[in-house]
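This briefing introduces selected features of the structure shown below. The points are grouped by topic for a reader who has not met the structure before.

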Amino acid sequence: MTRHSQTMPPDYFENRYADDPDPWQFTTSTYEAAKYAATLDVLPKPRFASALEIGCSIGVFTEALASRCDALIGLDTAEKALEQARGRCESIPHVRFERLHVPGQWPVGRFDLILISEVLYFLDADDMSDLAKRILDALDPGGIVVLVHWTGLTHYPQTGDEASEMLIGLLDGAIRVDHHSRTDRYRLDVLTRIT
């Protein structure tokens with residue numbers, strides 16, 4: 001499998017949703033349902049004041065996370081995905097969505113929770129470094145970063161393990177790893193800001 005060397009461009013995602021409204025089976029996959037439940041279970045606080053979900057896709061996890069947040073912003077680069085996410089969460093007034101291509105684009109605000117699920121491996125090393133800076137600029141003291149990534153082979157710039165370890169390394173000194181677990185298909189890391 002030939003791997004891409006650079007960050008996946010926005011049109012890659014637009015094309016995926018143009019071909020299939022749920023290209024990663026977020027609404028039907030038992031893998032996704034189990035991963036969502038595990039992610040919610042590992043959150044170290046019952047509620048967050050201001051959360052950011054990077055790569056919200058069609059909003060399935062966003063809808064589940066919303067009950068744990070006073071305010072939640074979901075980001076995605078694909079407008080077709082965001083249309084579905086807005087529809088799914090239209091009755092939840094404290095949830096909003098923005099079309100941004102992270103890390104070059106970033107929302108205004110500060111957050112006590114940043115959730116990054118199935119996103120990091122799309123980024124190359126330069127963009128990962130930029131993402132780390134963005135996170136540190138936006139994460140409150142004591143804030144939480146949750147990373148959830150599939151650990152199989154990819155044709156993206158990185159694997160889930162490589163990408164997660166790279167980001168953790170880039171944030172070293174500013175965060176501590178409070179939780180790390182693995183299943184046979186994904187890893188889950190919870191980081192807490194210490195400086």
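In this predicted model, helix 1 meets helix 4 through E14, Y17 and A18 on the side of helix 1 and E79, K80 and A81 on the side of helix 4. The residues of this contact comprise 3 nonpolar, no polar and 3 charged. A second helix contact, that of helix 5 with helix 6, and two individual residues, S29 and M128, are treated after the geometry of the first pair.

**Helix 1 and helix 4**

- Helix 4 covers residues 79-88, and its axis comes within 7 Å of the axis of helix 1.
- The two axes cross at roughly 60°.
- Because angles from 65 to 115 degrees count as roughly perpendicular and those under 35 degrees as roughly parallel, this crossing makes helix 1 oblique to helix 4.

**The loop after helix 1**

- S29 belongs to the loop that lies between helix 1 (10-19) and helix 2 (30-42).
- S29 has a relative accessible area of 19%, and it counts as buried because the cut-off for that class is under 20%.
- A polar atom of the S29 side chain lies 3.1 Å from the backbone nitrogen of E32.

**Helix 5 and helix 6**

- Two packed helices are described by the angle between their axes and the distance between the axes.
- For helix 5 (residues 125-138) and helix 6 (residues 160-170), the axes come within 9 Å and cross at roughly 50°.
- Helix 5 and helix 6 are therefore oblique to each other.
- The crossing in which helix 5 passes helix 6 is right-handed.
- Helix 5 contributes A125, M128, S129, L131, A132 and I135 to the contact, and these residues meet A163, M166, L167 and L170 of helix 6.
- By class, the residues of the contact of helix 5 with helix 6 are 9 nonpolar, 1 polar and no charged.

**M128 within helix 5**

- M128 is a residue of helix 5, and its relative accessibility of 0% places it among the buried residues.
- When neighbours within four places in sequence are left aside, M128 is in contact with L120, L123, Q158, A163, M166, L167 and L170.
- Among these partners, A163, M166, L167 and L170 are also the helix 6 residues named in the contact with helix 5.
- M128 and V190 are 62 residues apart along the chain, and their C-alpha atoms are separated by 18 Å.

Key. Residues are numbered from 1 along each chain as its sequence is written. This is a predicted model: local features need pLDDT of at least 70, side-chain atom pairs count only at pLDDT 80 or more; totals for chains, interfaces and linings use all residues. Side-chain values use heavy atoms; hydrogens and water are left out. Helices (H or I, at least four residues) and strands (E, at least two) are DSSP runs, numbered from the N terminus. Buried means under 20% relative accessible area, exposed over 50%, partly exposed in between (1.4 Å probe, protein chains only). A polar contact is a pair of N or O atoms within 3.5 Å; within protein, one must be able to donate a hydrogen and the other to accept it, and residues adjacent in sequence count only if both atoms are side-chain atoms. Axes are lines fitted to C-alpha atoms, for helices over the stretch in contact, and angles run from 0 to 180 degrees between N-to-C directions. Angles under 35 degrees count as roughly parallel, over 145 as roughly antiparallel, 65 to 115 as roughly perpendicular and the rest as oblique. A crossing is left-handed if the near helix is turned anticlockwise from the far one by less than a right angle, and right-handed if clockwise. Contact means heavy atoms within 4.5 Å. Ala, Val, Leu, Ile, Met, Phe, Trp, Tyr, Cys and Pro count as nonpolar, Asp, Glu, Lys and Arg as charged, and the others, Gly among them, as polar.
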